[in-house]
Amino acid sequence: MLETSTRLLALLALLQTRPAWTGSELAERLEVTTRTVRNDIDRLRELGYPVDATRGPAGHYQLGIGAKLPPLLLDDEEAVAVAVGLRTGAGVTGMAESSVRALTKLQQVLPHRLQRQVNAINRAMEKGPDNTRSNVDAPEIDPVVLATIAACIRDEHYLRFEYAVPEGDSMYKAGSGVGRRDLPLLVEPYRLVSWHGYWHLVARDEQAEWHSYRVDWMSLRMATGRRYQPRPMADEAYTDFVLRDVASTGWKVHARITVHAPAQDVLSRIHAAVGIVESVDDNTSILVTGADSLETIAVYIGMLGLDFHVDGPPALVAHLETVGRRYLTAIEPPGHRS
């Protein structure tokens, strides 16, 4: 009985994710026979769920009118939090399909007002690539702030906010030349990008220049209600813009490494979160990278497996000299160690 009940819930969930399913598709997903599917459909009907069936070569099942579940009792912040969690979960290996299905179901059972908020979040945000960098110190973001920004992106409304980098904060400097401002900024918002627990807004300023802004450093002002004429990037370009911005301005330590190899060779050996590669010629490229420490950068470039040259910063050069001597000492015969 428990197995049957669980299967009925799974069948009902599948029927809510898209308009129509064939019997064989449902049987494959539930790992049962088509006869079992027919029997389960009859059970759902007995429970009051109208399931329509179309016979013939194009036959299929679909939920009929009145099959919608009652509105889910979530407040605004809870709905946004769930939507953000599912949206970021879609970027986790092995969870993309299940996260998308769950988000679809959430949208079906929310009241219309919250549906608009969830849809805005879903369309406005992207998730950057993961690596091993910890995000335990990532700041908490007010869901209302995310929802407000997402709504402005959806409605193509100008966004006004104050922006200030905390004193002494060398991590994730403002990026793109954006620093502490005394006057509110007015921008055209285009995309929210989540990366390592930090949220970034990609937007055009009043001079039509692109910038990325740390959301936790933004203080939203009164809504403008003014629409702008959108001039977007390509969809896939927003995350790349944030990665490039952070790689060049956003870490505690930055470096430009000359690599004696074509850019394509370097790109094939690094994670997208490590840095940006610029081509110099057919045999030379520049790796723009950064990290929280000199030690981390030394590991990054050591793992390239390619010849490289480092001119700076001086502290990185000194650290590589120390590491180089340490490695050479490690392979010297015991009697030759000085």
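This report walks through a hairpin, a pocket and a sheet in the structure above, which is a predicted model.

**The hairpin and the pocket**

Let's start with strands E1 and E2, which run antiparallel and are joined by four bridges. Together they form a hairpin with five residues between the strands. In that turn, Gly 56 has a positive phi of about 100°. If you would like a pair to look at, Ala 53 has Tyr 61 in E2 as its bridge partner.

Those two residues turn up again at the largest pocket, where Ala 53 and Tyr 61 are among the residues nearest the centre, along with Arg 38, Thr 54 and Arg 55. The pocket holds about 260 Å³ of space and is lined by 15 residues. Helices H2 and H3 and strands E1 and E2 each supply at least two residues of this lining, and H3 gives the most, with six residues. By class, the lining has four nonpolar, seven polar and four charged residues.

**The four-stranded sheet**

Further along the chain, you will find an open sheet with the order E10-E11-E9-E12 and antiparallel pairing. E10 and E12 stand at the edges with a single partner strand each, so one side of each is left without a neighbour in the sheet. Strands E9 and E11 pair over seven bridges, and within this pairing Arg 256 has Val 288 in E11 as its bridge partner. Helix H10 (residues 294–302) packs on the sheet and touches E9, E11 and E12. The direction of H10 makes about 145° with that of E11.

Here are the two strand pairs side by side:

| Strand pair | Residues | Bridges |
|---|---|---|
| E1 and E2 | 51–54 and 60–63 | four bridges |
| E9 and E11 | 253–259 and 284–291 | seven bridges |

Terms used: Residues numbered from 1 in each chain as written. Predicted model: local features only at pLDDT ≥ 70, side-chain atom pairs only at ≥ 80, totals over all residues. Heavy atoms only, no water. Pairing = 2+ DSSP bridges. Contact = heavy atoms within 4.5 Å. Axes fitted to C-alpha atoms, helices over the stretch in contact; angles between N-to-C directions. 1 Å grid on protein atoms, 1.4 Å probe; cavity = no way out; pocket = protein on both sides within 12 Å on 5 of 7 lines; lining within 4 Å. Points joined across faces, edges and corners; volume = space filled by probe spheres on them. Nonpolar A, V, L, I, M, F, W, Y, C, P; charged D, E, K, R; others polar.
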